Amino acid sequence: MHIILIPGFWLTGDSWAPVTRALEDAGHTAHPLTLLGKAPGDDAAGVGLRTHIDAVAALIDTLEGDVVLVGHSGGGAVAYGAVDARPDRVSRVVYVDSGPLADGGVINDGFESSAGAVPLPDRSVFGEPELVDMTEEVWQRLADIAVPEPVGVATEKQQLGDERRYDVPAVVITSTMPEPMLRQFMADGHPYVAELARARSARIVELPTGHWPQLTKPGELAVAVVDAVTG
């Protein structure tokens, strides 16, 4: 099975290393992505959310057999856009502390940008739930590997058009919000989970830690992703 790993803001494909190894050990073919505007020498100008969605869709078109998408944080919006673009090719989508971004939504237009990109903010910008298990050492590692995110990815509106996306099974590996809270939000029609609530199949798996489980609990995340992909 082909597993496309889409990193969140400020991260590249290398951030998936523990998950990549676990997936390959389980017999899958992993495709950890570093998307346009985030590789050394890339120009972030003109790179938007649709740029990244189109890149994932183009990769799907080159693969034969089952494809699963895994998106962390803002990468979940990219994954969902690709599900909408290729609903007949994606057999499952996995959201790591993330979820499907609805039509017309933006990932986050509140970050400060410079020269067409959003640098990693100071840790004081993030809430306490996001920083669980985030020691000074782990935060420094995040800061060391972080790359600026193209501002268009953060601010461009999601564009969806194929309701077959609701037929693609979803798994949410939630780290900063317990399952009962997510389920209650879904029942109440909260906009954050409106698209997740419309999915024909949505499984939620708790992995309690901060917003970057690939750094704070990499082994546990690897196990959870392998299970989500095959389960």
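**Parallel strands and what covers them**

Modeller: Strands E1 (residues 2–6) and E2 (residues 29–32) pair in the parallel sense, with four bridges between them. Keep in mind that this is a predicted model.

Biologist: What makes E1 and E2 count as a pair?

Modeller: The cut-off is at least two bridges. E1 and E2 have four, so they qualify as paired. One of the contributions you can look up is Leu5, whose bridge partner in E2 is Pro32.

Biologist: And how does the chain get from E1 to E2?

Modeller: It goes through helix H1 (residues 17–25), and this β-α-β crossover is right-handed.

Biologist: Which way does E1 run relative to E3, and how many bridges join them?

Modeller: E1 and E3 (residues 67–72) run parallel, joined by five bridges. Set that against the minimum of two, and this is a pair as well, because five clears the cut-off. In E3, Ile6 has Gly71 as its bridge partner, while Ile3 stands opposite Val68.

Biologist: What about E3 and E4, how do you know that they pair?

Modeller: Same test: there are six bridges between E3 and E4 (residues 90–96), in the parallel sense, so the two-bridge minimum is met. Gly71 turns up again here, with Tyr95 as its bridge partner in E4. Between these strands the chain passes through helix H3 (residues 75–85), in a right-handed β-α-β crossover.

Biologist: Why is E1 called largely enclosed?

Modeller: Because five of its five residues are buried. You can see it face by face: His2, Ile4 and Ile6 are buried on one side, and Ile3 and Leu5 on the other.

Biologist: Why would neighbours in a strand end up on opposite sides?

Modeller: Because side chains in a regular strand alternate between the two faces of the sheet.

Biologist: What makes E3 enclosed, then?

Modeller: Six of its six residues are buried, so the rest of the structure largely encloses E3. Val67, Leu69 and Gly71 are buried on one side, with Val68, Val70 and His72 buried on the other.

Biologist: How do you know that H3 is mostly covered?

Modeller: By counting: 10 of the 11 residues in H3 are buried. Among them are Ala77, Tyr80, Ala82 and Asp84. The buried residues of H3 pack against E1, H2, E3, E4 and H7.

Biologist: H2 is in that list. Is Ile60, which sits in H2 (residues 49–62), buried or exposed, and how do you know?

Modeller: Buried means under 20% relative accessible area, and Ile60 has 0%, so it counts as buried. Leaving out residues up to four places away in sequence, Ile60 touches Ile4, Val67, Leu69, Ala82, Arg86, Arg89 and Val90. Ile4 is 56 residues away along the chain, yet the C-alpha atoms of Ile60 and Ile4 are separated by 8.5 Å.

Biologist: H7 was in the list too. Is Glu195 in H7 (residues 194–198) buried or exposed, and why?

Modeller: Glu195 has a relative accessible area of 8%, which falls under the 20% limit, so we call it buried.

Biologist: Which side chain does the Glu195 side chain meet, and why is that called a polar contact?

Modeller: Tyr166, at 2.9 Å. The limit for such N or O pairs is 3.5 Å, so 2.9 Å is within it. Beyond its neighbours within four places in sequence, Glu195 is also in contact with residues including Tyr80, Pro100, Leu101 and Arg165.

Key:
Residues numbered from 1 in each chain as written. Predicted model: local features only at pLDDT ≥ 70, side-chain atom pairs only at ≥ 80, totals over all residues. Heavy atoms only, no water. Buried < 20%, exposed > 50% of the residue type's maximum accessible area, 1.4 Å probe, protein only. Contact = heavy atoms within 4.5 Å. Polar contact = N/O pair within 3.5 Å; in protein donor to acceptor, adjacent residues only side chain to side chain. Right-handed = clockwise from strand over helix to strand, strands pointing away.
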